[in-house]
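Here are my notes on the model you sent over. Have the structure open beside you as you read, and take the points one at a time.

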Amino acid sequence: MGKNATLAKDETAPLKSPLRPEKAAARIDRLVHERLRLGIMSALAVNASLTFNELKKLLETTDGNLSVHARKLEEAGYISCSKSFDGRMPRTEYKLSAGGRKALERYLDHMETLIRATRQS
Amino acid sequence: MAALRSARVPSEAVPIDSQAIANLRYIRRTMESAGEFTAIPGRGGIVMGATAIAAAWFAHSRVHAEAWLAVWTIEAILGVAIGYLFARRKAQSINKPLFARPGRKFVLAIAPSIFTAALLTLMLWRAGMIDYTPGVWLLLYGCGIVAGGAFSVRVVPVMGFCFLVFGAAALFSPLAWGDAWLAAGFGGLQIVFGGVIVRNYGG
């Protein structure tokens, strides 16, 4: 768990609806909110695990970009990473942790609340 | 890096709810696309392969063309049923609808080949050329798998190309080898590639 985990924990407390749109927006988990990290977590939510190359192909990104964002999620404890060898080829596999799944669910709740709050105001 | 750079550039203000809707759409799209890695049931392929080998053995001992064709027709129906059941089970295991975008695309891509195979079988049977059907079936199934596999992981179109090779070989080898080619293709290839999918793509 790195500093991002603390940041995420502070920002992802359960929502008490109804909220003003600005308040709801301010409470979004910024760690999940970034587009590529959101993609990584969404892809892992529907797969038991995905390799680095599968994620790269799926999200149409570069090695560097993917590894930077995957590292941030890993440091926050949202995903786990295991490295092994498939023959002579190194294989990096990612899995969504229980905490990561909860964070994604919270993020989805935030988005829905935000839409509701904006439409009601 | 392009995405990171563009994130730092101040852009035109977007309403909060539009941004939230766009994010929800992105999550949905990503989840659907990620399903491509799991949509094709490897275990189903292995079971289909096993029934195809049994069908080849059983059909080979049939003397009449009608009986031979009946065995393979039953096997085709059984294969579709097995594929459907295993695909549904796999979709349920990851809480996804069976006919989400990747599944739908796969069915749409393979359907024309299956339809053409059925039609050509009827024509060949009426023309008394039923012995040519193994090559035709393998080729058309291969075409369908290559087309469907274009939306999936690389192993799927590779399997399709193997079917094309087997189909071509079946057409240009002695007609008596037809059942052996069908066993090798619908049996062997599906078992081997089914095993690869089970091992690497979640069952």
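How many helices and how many strands are there in chain A?

1. Let's start with that count. Keep in mind throughout that this is a predicted model. Chain A has 7 helices and 3 strands. If you walk along from the N terminus, the order is α-α-α-α-β-α-α-β-β-α. Chain A has 121 residues, and 37% of them count as buried. Now take the contacts in chain A between residues at least 6 apart in sequence: 62% of these join residues at least 24 apart.

2. Now for chain B. Here you'll find 8 helices and 0 strands, so to speak a plain run of α-α-α-α-α-α-α-α when read along the sequence. Chain B has 203 residues, with 39% of them buried. For contacts between residues at least 6 apart in sequence, 73% in chain B join residues at least 24 apart.

3. Next, have a look at two helices of chain A, α4 (residues 35-45) and α5 (residues 52-59). They pack at an angle of about 120°, and their axes are 11 Å apart. Because of that angle, α4(A) is oblique to α5(A). The crossing of α4(A) past α5(A) is right-handed. On the α4(A) side, the contact is made by Leu36(A), Gly39(A), Ile40(A) and Ala43(A), while α5(A) brings in Leu55(A), Leu58(A) and Leu59(A). Sorted by class, the contact of α4(A) with α5(A) has 6 nonpolar residues, 1 polar residue and no charged ones.

4. Stay on α4 of chain A for a moment, since Ser42(A) sits in that helix. Is Ser42(A) buried or exposed? With 26 other C-beta atoms within 10 Å, Ser42(A) is buried, because the cut-off for buried is 20 or more. Which residues does Ser42(A) touch, leaving out those up to four places away in sequence? They are Ile27(B), Thr30(B), Met31(B) and Ala34(B). Back within chain A, Ser42(A) and Leu96(A) are 54 residues apart in sequence, yet 9.2 Å apart in space from C-alpha to C-alpha.

5. For a contrast, try Glu60(A), in the loop between α5 and α6 (63-75) of chain A. Glu60(A) counts as exposed, because it has 10 C-beta neighbours inside 10 Å. Check its backbone too: Glu60(A) is not a glycine, but it has a positive phi of about 50°.

6. Over in chain B, the pair to look at is α3(B) and α8(B). Their axes come within 7 Å and cross at roughly 165°, and α3(B) and α8(B) are therefore roughly antiparallel to each other. This time the crossing, α3(B) past α8(B), is left-handed. The residues of the contact of α3(B) with α8(B) divide into 14 nonpolar, 9 polar and 2 charged.

7. Where do the nonpolar residues gather? In soluble globular proteins, nonpolar side chains tend to be buried together. In this model, the largest nonpolar core has 38 residues. The ones with the most contacts inside that core are Ala52(B), Leu138(B), Tyr141(B), Ile145(B), Met159(B), Phe163(B) and Phe166(B). At least two core residues come from each of these helices of chain B: α3 (42-60), α4 (65-93), α5 (101-126), α6 (133-149), α7 (155-171) and α8 (178-200). The largest share, 8 residues, comes from α6(B).

8. Pick out Phe166(B) from that core. Setting aside its neighbours within four places in sequence, Phe166(B) is in contact with Leu138(B), Trp181(B), Ala184(B), Gly185(B) and Leu189(B). Apart from this core there is another one, of 31 residues, including Val32(A), Ile79(A), Leu104(A) and Ile115(A).

9. One last residue to click on: Leu120(B), which belongs to helix α5 of chain B. Leu120(B) has 17 other C-beta atoms within 10 Å, which means that it is partly exposed. Its C-alpha atom is separated by 8.1 Å from that of Thr133(B), and Leu120(B) and Thr133(B) are 13 residues apart along the chain.

Definitions and conventions. Residues numbered from 1 in each chain as written. Chains lettered and ligands numbered in written order. Predicted model: local features only at pLDDT ≥ 70, side-chain atom pairs only at ≥ 80, totals over all residues. Axes fitted to C-alpha atoms, helices over the stretch in contact; angles between N-to-C directions. Helix = DSSP H or I, 4+ residues; strand = E, 2+ residues; numbered from the N terminus. Parallel < 35°, antiparallel > 145°, perpendicular 65-115°, else oblique. Left-handed = near helix turned anticlockwise from the far one by under 90°. Contact = placed C-beta atoms within 7 Å. Nonpolar A, V, L, I, M, F, W, Y, C, P; charged D, E, K, R; others polar. Core = buried A, V, L, I, M, F, W, Y, C linked by C-beta atoms within 7 Å. Buried ≥ 20, exposed ≤ 12 C-beta atoms within 10 Å, placed from the backbone.
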